[in-house]
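Morning, everyone. I have one model to show you today, and I'll keep it brisk. Have a look at it first.

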Amino acid sequence: MSYELNAVIGRFDLLRSRTAAMGAEVVAPLRQGMGLVPVTMMSPSFEQAVRAWSQGGPVACVEADFHGGDGYQTAAVWHMGAVVWGPVHAKDFTRPRESWPINGALAQLDVVVSASEEAEGHDLFRVLGLGWEQDLEGWQSAGRRARWAATYDDWHQEQLAERERAARAAAESEKYRRLPDVPVALDGKAIMNLLDLPPGPLIGAATRHLQELHLERGPLSRDEAVTRLRAWAVGQDMGHSGG
């Protein structure tokens, strides 16, 4: 598996404001309020841009290239128009992770390991989310998806909202999933006839309801299952026949 990275990393809001006038540049959001500008080529003109960006806060120029487990990292930190740390280059990664070039540069940007991220050790590379994409194209795509966000808070709030929507959708879907190895007093055909329903997810919801009653109350007789299912259907506002 290969991994390639050539980018400038800094505060998302700083990079967003500095690249807005450039038009073509994208900023991919990372964790901890940080962002990443993927770089196609570190030319003298781009170095001038980095110099200007660093006037607003420290930024790191990072590079990594790995193929089949072998590779290298290079990193340097700019601030106030000058290199203030590095450049550091490494091909040997047997030393502690905090000494690796990119991790060293990220520490200069005040990236930290939170209590919830202790499992990552001192690998700030992983903590920040630099493993989310594997190459330039992936980071460019991530940046384009976030182009609508004027600030990191805008993007972060939408991420939280999206997770909440996904959780609600999963919870809703769970209502229609039949529990494995739990008996049900009425089969699907009987439920369809009783509630006058076509085949579909509501049959699954009705089946799940009967299974949950079985778990709560023990085995149901057919007559009790019919009575309770009709009452449940009224609560669901789906209507039913008198069958």
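I'll go from the overall picture to the sheet, then to one helix on the sheet, then to another helix further along.

Bear in mind that this is a predicted model. The overall picture first. The protein has nine helices and six strands. How does its radius of gyration stand against that of a compact globule of 243 residues? The globule would have one near 18 Å, but the protein has 28 Å. Along the principal axes, the C-alpha atoms fill a box of roughly 80 × 40 × 30 Å. Of the 243 residues, 40% count as buried. The accessible surface comes to about 13400 Å². Carbon and sulfur atoms hold 52% of that surface. Now contacts between residues at least 6 apart in sequence: 58% of these join residues at least 24 apart.

Next, the sheet. Six strands make it up, and it is open. The order is β2-β3-β1-β4-β5-β6, with antiparallel pairing. Which strands sit at the edges? They are β2, residues 28-29, and β6, residues 82-90, and each pairs on one side only.

Let's walk across part of it. Strand β1, residues 2-11, is joined to β4, residues 59-67, by eight bridges. These two strands run antiparallel. One pair to pick out: V8 has C61 as its bridge partner in β4.

From β4 we step to β5. Nine bridges join these two, again antiparallel. A60 has V77 in β5 as its bridge partner. β4 and β5 form a hairpin with two residues between the strands. In that hairpin, G68 takes a positive phi near 60 degrees.

Then β5 to β6. Here six bridges join the antiparallel strands. A75 stands opposite V88 in β6, and H79 stands opposite A82 in β6. This is a hairpin too, with two residues between the strands. Its turn holds M80, with a positive phi of about 55 degrees.

Now, what packs on the sheet? Helix α3, residues 101-108, does, and it touches β1, β4, β5 and β6. The direction of α3 makes about 20 degrees with that of β5.

Zoom in on one residue of α3, namely I102. Is I102 buried or exposed? It counts as buried, because its relative accessibility is 0%. What is around it? Leaving aside neighbours within four places in sequence, I102 is in contact with L5, V62, E63, A64, Q73, T74, A75, F125 and L130. Take E63 from that list. I102 and E63 are 39 residues apart along the chain, yet their C-alpha atoms are separated by 8.0 Å. And A75, also a contact of I102, is the residue we just saw opposite V88.

Last stop, helix α7, residues 188-195. Which of its residues are buried? They are A190, I191, L194 and L195. These four cover an arc of only 110 degrees around the axis, so they lie on the same side of α7. The general rule is that an α-helix has 3.6 residues a turn, so residues three or four places apart point the same way. On the other side of α7, K189 and N193 are exposed. What covers the buried residues? The cover includes α8, residues 201-217, and α9, residues 222-235. Just after α7, D196 takes a positive phi of about 55 degrees.

That's the tour. Questions, please.

Technical notes:
Residues are numbered from 1 along each chain as its sequence is written. This is a predicted model: local features need pLDDT of at least 70, side-chain atom pairs count only at pLDDT 80 or more; totals for chains, interfaces and linings use all residues. Side-chain values use heavy atoms; hydrogens and water are left out. Buried means under 20% relative accessible area, exposed over 50%, partly exposed in between (1.4 Å probe, protein chains only). The arc is that of the directions from the helix axis to the C-beta atoms. Contact means heavy atoms within 4.5 Å. Two strands pair if DSSP finds at least two bridges between them. Axes are lines fitted to C-alpha atoms, for helices over the stretch in contact, and angles run from 0 to 180 degrees between N-to-C directions. The radius of gyration is taken over C-alpha atoms; the globule rule is 2.2 Å times the number of residues to the power 0.38. Accessible areas come from the Shrake-Rupley method with a 1.4 Å probe; for residues, only the protein chains shown count as cover.
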